[in-house]
Amino acid sequence: MIDNSHLDAKLKRAIAHVLHRKGWTQQEIATYLRISRQSVAKHLKSSCDYQPEIIQAARDGKISLQSLAYLLGVSEAKARRILKQTPKEPKSRGRPTIPKPHILNQLNADPASQHLNAAPLSDTERALIQAARAVRAFAYAPYSNYAVGAAVLTDDQRIVSGCNVENASYGLSICAERAAVFNAIASGARNILAVAVCTPDGGTPCGACRQVLLEFAPEPDNCPVWVVKPDAIVRRYTLAELLPHAFRLL
Ligand SMILES: [Zn+2]
């Protein structure tokens, strides 16, 4: 599970509202934000003008430009324009700004999933994909500007996520897929049953990550790898398809 402890309560409340509008259950939000379900319920009960909260968090450097774009459901170019606008003084009177639900509803749209497979997504698959999309918001990718989120399903039915974290010394950067795998292993898992990866353009995992995923996938033929974008499912591969003739020592 990613460490979201650096986010303050107000920002967690704002993110909880966004995820709630995306159809996440309270339990999923609680797991994601590392807070209790009761806290989520409390957050959701209190009204929240979450857009200014999220924009301010981006201005303060608490979340990246990619995160802002994702959470507001706008392009990165638009998010950049939003950041350049002068912050408005909070109004002392008058009605609070009502967030426009249609912007966030776009995040739920998965047009490609309609024809992807005959079977609709299971709750677990949906949660896995949601986790990959959501954690992308926390990617640290100031050099490539290519934010990625990944999530893996462990054999004890947990969903563990990770994002890419870049470094000024480029070779020290790590991909989202490996971050997710290492998080899963560090939290006690040993087997990975399914993977979801969210990139801006539907890119597939790099070769290094395919090899790392294989290390913990006992059945690569039966290990789906969902490649998704923020607003659409691109394709469901299996790990065996992505890494044929794989190298193994165990
Ligand atoms: Zn990679």
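How far apart should the ends of helix 1 (residues 9–21) be, at 1.5 Å a residue? The helix has 13 residues, so the expected span is 18 Å. The end C-alpha atoms are 18 Å apart, which agrees. Keep in mind that this is a predicted model. Helix 1 also has buried residues, among them Leu11, Ala14, Ile15, Val18 and Leu19. Charged residues appear in that list too, including Lys12 and Arg13.

Now step back to the whole chain. The protein has 250 residues, and buried residues make up 40% of them. Its secondary structure comes to 12 helices and five strands. Take the contacts between residues at least 6 apart in sequence: 64% of these join residues at least 24 apart.

Turn next to the sheet. Five strands form it, in the order 2-1-3-4-5. The sheet is open, and its pairing is mixed. Strand 2 (159–163) and strand 5 (232–238) are the edge strands, each pairing on one side only. From one strand to the next, the twist averages 20°.

Look along the edge made by strand 5. Strand 4 (residues 224–229) runs antiparallel to strand 5, and six bridges join the two. They form a hairpin with two residues between them. Individual partners can be picked out here. Tryptophan 226 of the hairpin stands opposite arginine 236 in strand 5. Valine 228 has isoleucine 233, also in strand 5, as its bridge partner.

Helices pack on this sheet. Helix 9 (residues 123–135) touches strand 1 (149–154), strand 2, strand 3 (192–198), strand 4 and strand 5. The direction of helix 9 makes about 145° with that of strand 1. Helix 10 (residues 176–186) packs on the sheet as well, touching strand 1, strand 2 and strand 3. Its direction makes about 140° with that of strand 2.

Is helix 10 mostly covered or mostly open? It is mostly covered, with eight of its 11 residues buried. Those buried residues are Ala176, Glu177, Arg178, Ala179, Ala180, Val181, Asn183 and Ala184. Their cover includes strand 1, strand 2, strand 3 and helix 11 (207–215). After helix 10 comes glycine 188, with a positive phi near 105°.

What lies inside? The largest nonpolar core has 71 residues. Leu128, Ala132, Ala151, Ile192, Val195, Ala196 and Val197 touch the most other members. Domain 1 (9–107) and domain 2 (110–242) each supply at least three residues to this core. Valine 195 shows how such a residue is placed. Beyond its neighbours within four places in sequence, valine 195 contacts Ala150, Val152, Leu213, Cys223, Val225 and Trp226. Trp226 is the residue that stands opposite arginine 236.

One more residue rewards a look. Tyrosine 70 is found in helix 5 (residues 65–72). Why does tyrosine 70 count as buried? It has 29 C-beta neighbours inside 10 Å, and the cut-off for a buried residue is 20 or more. Leaving out residues up to four places away in sequence, tyrosine 70 touches Arg136, Ala137 and Pro230. Consider arginine 133 too. Tyrosine 70 and arginine 133 are 63 residues apart along the chain, yet their C-alpha atoms are separated by 8.5 Å.

Methods. Residues numbered from 1 in each chain as written. Predicted model: local features only at pLDDT ≥ 70, side-chain atom pairs only at ≥ 80, totals over all residues. Core = buried A, V, L, I, M, F, W, Y, C linked by C-beta atoms within 7 Å. Buried ≥ 20, exposed ≤ 12 C-beta atoms within 10 Å, placed from the backbone. Domains from an automatic or database assignment. Contact = placed C-beta atoms within 7 Å. Pairing = 2+ DSSP bridges. Helix = DSSP H or I, 4+ residues; strand = E, 2+ residues; numbered from the N terminus. Axes fitted to C-alpha atoms, helices over the stretch in contact; angles between N-to-C directions. Expected span 1.5 Å × (residues − 1).
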